[in-house]
Amino acid sequence: QLQLVESGGGLVQPGGSLNLSCTVSGLPFNYWAIGWFRQAPGKEREGVSWVSRSGERKKYADFVQGRFTIFRDKTKRTVFLEMNSLKFEDTAVYYCAAPPQGVVAGADPLSSDAYGFWGQGTQVTVSS
């Protein structure tokens with residue numbers, strides 16, 4: 001059984017940084033592409049970033065391009081989302097997710113429809 005556990009959220013001032021972690025357990029780590037999503041109060045869940053199984057391919061939503069970095073560390077079985085230059089509008093619950101077959105073949109990797117396994121989420125609050 002695949003399990004995804006997010007951590008690293010918290011309260012940060014605008015312009016600050018946070019590093020989110022998504023630890024994968026239960027099945028081989030390199031089997032899974034991983035996506036990061038977020039959901040703010042009253043808004044729909046939106047895709048933030050995605051990394052392929054190998055870590056060589058990545059995709060970012062336009063609103064985080066140049067500020068967020070996704071990478072994976074197989075020794076720690078963890079996918080990280082490094083977030084810099086945070087803005088008020090980055091406030092949300094952040095989730096990591098994995099697709100049912102390990103890859104998002106033929107689908108937009110930033111679409112939540114491509115994913116079947118989800119973590120519990122971690123709150124990120126950007127406030128002065």
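The paragraphs below walk through a few strands and two residues of this structure. The model is predicted, so local features need pLDDT of at least 70 and side-chain atom pairs count only at pLDDT 80 or more, while totals for chains, interfaces and linings use all residues. Residues are numbered from 1 along each chain as its sequence is written, and side-chain values use heavy atoms, with hydrogens and water left out.

A good place to begin is strand S5 (residues 46–51), a strand being a DSSP run of E with at least two residues, numbered from the N terminus. Because 5 of its 6 residues are buried, S5 is largely enclosed by the rest of the structure; buried means under 20% relative accessible area, exposed over 50%, and partly exposed in between, with a 1.4 Å probe and protein chains only. S5 pairs with strand S4 (residues 34–39) in the antiparallel sense over 5 bridges, where pairing requires that DSSP finds at least two bridges between the strands. S5 is also joined to S6 by 3 antiparallel bridges, and there Val51 has Lys58 as its bridge partner.

After S6 (58–60), the loop leading to strand S7 (68–73) holds Arg67, which counts as buried because its relative accessibility is 10%. The side chain of Arg67 makes a polar contact with the side chain of Asp90 at 2.7 Å, a polar contact being a pair of N or O atoms within 3.5 Å in which, within protein, one must be able to donate a hydrogen and the other to accept it, and residues adjacent in sequence count only if both atoms are side-chain atoms.

By contrast, Gln3 in strand S1 (residues 3–7) counts as partly exposed, because its relative accessibility is 49%.

Note on methods:
Helix = DSSP H or I, 4+ residues; strand = E, 2+ residues; numbered from the N terminus.
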